[in-house]
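User: Please take a close look at one residue in this model and the strands around that part of the chain. I would like a plain account of where the residue sits and what lies around it.

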Amino acid sequence: DDVRLLCLKRPMPINISTITSQEVTEILDSDEEFPVCVEKKKNDTVNMEEKQGFIKEFIENEGLGIIHSDENGLVLFHVSHVWINGEKLSVEATRKRIDLATKVRFYDKSFEGKEYRVINREEIMLQAVVVWVGDRPKHLLKEV
């Protein structure tokens, strides 16, 4: 039998001081049934197709984790972007209520570049922009 050893490397941490504030758009009951994405630039890579997976692991105590999706592989997420049964709870409360192997649904955004080669050969990283357990909330707050 053949034995394989895979070495996975995590990307370098992002300098938080370089992150700019984000615009928050609230979707009202009068809006369409599906979430709306406000574009800041034409090359926005947010995928509004509903995907599913399960919580594979939490990679830090502050709330970062990994979702495993059969279709898309590993997807990075943060607990602050999780809705449980239509409610958005605090990070601490959300972390206590979701366990490993919890089935989730999500929308994601892809990032492309040579710096993601450490993640996969295609040089693409996927990050969930919103994650939910249970029914999708009728209207989500979407940070763009």
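Analyst: The residue chosen here is His 78, which belongs to strand β4, residues 73-78. The model is a predicted one.

Start with what His 78 touches. Neighbours within four places in sequence are set aside, and the contacts of His 78 are then Glu 62, Gly 63 and Leu 64. Leu 64 is 14 residues away from His 78 in sequence, yet their C-alpha atoms are 4.5 Å apart in space.

The side chain of His 78 also has polar partners. One of its polar atoms lies 3.4 Å from the backbone oxygen of Glu 62. The side chain of Ser 80 makes a polar contact of 2.9 Å with the side chain of His 78.

Now widen the view to the strand itself. β4 pairs with strand β3, residues 64-69, in the antiparallel sense, over six bridges. Within this pairing, Ile 67 has Val 75 of β4 as its bridge partner. Three residues lie between β3 and β4, and the two strands form a hairpin.

Other strands of the model pair as well. Strand β2, residues 46-58, and strand β6, residues 103-112, are antiparallel and share six bridges. Asn 47 stands opposite Asp 108 of β6. β6 also pairs with strand β7, residues 124-133; these two run antiparallel and are joined by eight bridges. Here Phe 111 faces Met 125 of β7 as its opposite residue.

Definitions and conventions. Residues are numbered from 1 along each chain as its sequence is written. This is a predicted model: local features need pLDDT of at least 70, side-chain atom pairs count only at pLDDT 80 or more; totals for chains, interfaces and linings use all residues. Side-chain values use heavy atoms; hydrogens and water are left out. Helices (H or I, at least four residues) and strands (E, at least two) are DSSP runs, numbered from the N terminus. Contact means heavy atoms within 4.5 Å. A polar contact is a pair of N or O atoms within 3.5 Å; within protein, one must be able to donate a hydrogen and the other to accept it, and residues adjacent in sequence count only if both atoms are side-chain atoms. Two strands pair if DSSP finds at least two bridges between them.
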